[in-house]
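I opened a notebook page for this structure and decided to look things up one at a time. The sequence and the model come first, and my entries come after them.

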Amino acid sequence: MPSYSVCFFNDLPDPTGHDHHVCQRTVEVLHVADEQQAIEYAIAEFERLEHISPWHLHARTIECEVLT
């Protein structure tokens, strides 16, 4: 079973007002069946760690990649 790294991103402005795609938190998900299961687990973990629900209150996008 593969493992995944799931990153939660937000677009945040720098001091000049230009937005940057910034990783808010990375959650490693080990030994799950597929990418969808990894994302579901990572969302639950992100919400728990950030003390928020739903997750998109602190992030706008999710990127998931297989760990080698």
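What follows is a set of entries on one strand, its partners and two of its residues.

**Entry 1: confidence.** Before reading anything else I noted that this is a predicted model, and I looked up how confident the predictor was. The protein chain has a mean pLDDT of 95, and 100% of its residues reach 70 or more. Going element by element, I found the lowest confidence in strand 2, with a mean of 95, and the highest in strand 3, with 97.

**Entry 2: strand 1 and its partners.** I then turned to strand 1, which runs over residues 3–13 and is mostly covered, since 8 of its 11 residues are buried. Which strands pair with strand 1? On one count I found strand 3, residues 61–67, which pairs with strand 1 in the antiparallel sense over 7 bridges; within this pairing, Y4 has V66 of strand 3 as its bridge partner. I also found strand 2, residues 19–29, which is antiparallel to strand 1 and joined to it over 10 bridges, with L12 standing opposite H20 of strand 2.

**Entry 3: the turn.** I followed the chain from strand 1 into strand 2 and saw that they form a hairpin, with 5 residues between them. In that turn I noted G17, whose phi is positive, at about 95 degrees.

**Entry 4: S3.** Is S3, a residue of strand 1, buried or exposed? I read a relative accessible area of 12% for S3, and because buried means under 20%, S3 counts as buried. I also looked at its side chain, and found that a polar atom there lies 3.1 Å from the backbone nitrogen of H31. Setting aside neighbours within four places in sequence, I listed the contacts of S3 as V29, L30, H31, E65, V66 and L67.

**Entry 5: V6.** My last residue was V6, which also lies in strand 1. V6 has 0% relative accessibility and is therefore counted as buried. I asked myself how many residues separate V6 and A42 in sequence, and the answer is 36, although their C-alpha atoms are 6.5 Å apart in space. With neighbours within four places left out, V6 is in contact with R25, T26, V27, V29, A38, A42, I62, E63 and C64.

**Entry 6: a general reminder.** I copied down one rule to keep beside these entries: in a regular strand, side chains alternate between the two faces of the sheet.

Key
Residues numbered from 1 in each chain as written. Predicted model: local features only at pLDDT ≥ 70, side-chain atom pairs only at ≥ 80, totals over all residues. Heavy atoms only, no water. Buried < 20%, exposed > 50% of the residue type's maximum accessible area, 1.4 Å probe, protein only. Helix = DSSP H or I, 4+ residues; strand = E, 2+ residues; numbered from the N terminus. Pairing = 2+ DSSP bridges. Polar contact = N/O pair within 3.5 Å; in protein donor to acceptor, adjacent residues only side chain to side chain. Contact = heavy atoms within 4.5 Å. pLDDT = per-residue confidence, 0-100.
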